[in-house]
Amino acid sequence: VASRILVTGGAGYIGSHTAKLLRLEGIEPVVYDNLTTGNRSAVRWGPFVQGDILDGRHLIEVIEAHQPDAVIHFAASAYVGESVADPAKYYNNNVRGTLSLLDACRQTGVDKVIFSSSCATYGVPAVLPIDEATPQAPINPYGKTKLVAEHMLADYAAAFALNYVSLRYFNACGADPEGDLGEWHDPETHLIPRALMAAAGRIPHLEIFGEDYDTPDGTCVRDYIHVADLASAHVLAYRHLAKGGGNVALNLGTGRGFSIKEVLRTIGEITGHDVPVVFRRRRAGDPPALYADAGLACRTLGFLPRYSDLETIVRTAAPFFGLEVRS
Ligand code: UFG
């Protein structure tokens, strides 16, 4: 029997790209998603079960029916601003939901879990680049719930027969290089899709939140990692666990930071459309600069980003906003 993985949140942005790659690698993705933010049409590479991770009994039934070797756990709420306004939603979906999933794994004997964590667990780091030993001090409920879930995994792994890899994503972006899948958050709050919407004339302008940061050009610096590279890291994390590799938390970034203005310049070059901008005040809770020390994921998993240069990111994402790219 070919191997099979339960993919919670597999109808979402990163989950659907990962499901596609799993299928290409000969692993059947069984997608479990409640479709509150996921998209049914993005589930095309294996069975789909509509369900909520808070429904432990349903999870156990699905695991017993499909007998997955592992779980990749994407299902979560992921808007920083919303988490400040509605922390209950985040503690429910991200903390209680992860607990429900881990208990279902425990009861059914699923012993490998790959978890979507975030660089938001580091808060505002004192030192850059951010390596995995950087103290985790999240500054918003979203980051706190991801950190609690990381702790739950570590404690379950110590007490029960369970192994895990926590993957701390930096700024996920881009779209399937073959054009099968894109980014479709609603509302869309992320920089690159909003900038592309502005370049395409779908919104009047991009608001740039802060031009007075202590960074080279005054705008925030982030480490942009292509979703196809994130997908490959999940497959590598599964292989690591399948061959008996140990529990570990890993940064997924490129190790390079780019400012907002640098991103906009690349969009202009690749699409031929300047991004109309207006400058606004800083957005609450935004650290000036975040970028990873990406060495540990490379040494542990052999992970090397292939698509995460800004040009490839923009080339793959732009068509979803009706923008042509220059050859
Ligand atoms: N930005 C703008 N204008 C926009 C959107 C974003 O100027 O319209 C700026 C932000 O202020 C920030 C940078 O662009 O400086 C990147 O913002 P994103 O919203 O694209 O991403 P974040 O860096 O805020 O990412 C954070 C966490 C992730 C988390 C994600 C959840 O770092 O771990 O939010 O959505 F997953």
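Let me begin with a single pair: serine 166 has alanine 249 in strand β11 as its bridge partner. This is a predicted model, in which local features need pLDDT of at least 70 and side-chain atom pairs count only at pLDDT 80 or more, while totals for chains, interfaces and linings use all residues. Residues are numbered from 1 along each chain as its sequence is written.

Strand β11 covers residues 248-252 and pairs with β6 in the parallel sense over 5 bridges; strands, I should say, are DSSP runs of E of at least two residues, and helices are runs of H or I of at least four, numbered from the N terminus, and two strands pair if DSSP finds at least two bridges between them. β6 also pairs in the parallel sense with β5, residues 112-118, over 7 bridges, and there isoleucine 114 stands opposite valine 165. Between β5 and β6 the chain passes through helix α5, residues 141-159, in a right-handed β-α-β crossover, that is, clockwise from the first strand over the helix to the second with the strands pointing away from the viewer.

How many residues of β6, residues 163-169, are buried? The count is 7 of 7, where buried asks for 20 or more other C-beta atoms within 10 Å of a residue's own, with C-beta atoms placed from the backbone. Both faces are covered, with Val165 among the residues on one side and Ser166 among those on the other.

Turning to the domains, whose bounds come from an automatic or database assignment, domain 1 comprises 4-173 + 224-252 and domain 2 comprises 191-222 + 255-321, and their C-alpha centres lie 24 Å apart.

Terms used
Buried ≥ 20, exposed ≤ 12 C-beta atoms within 10 Å, placed from the backbone.
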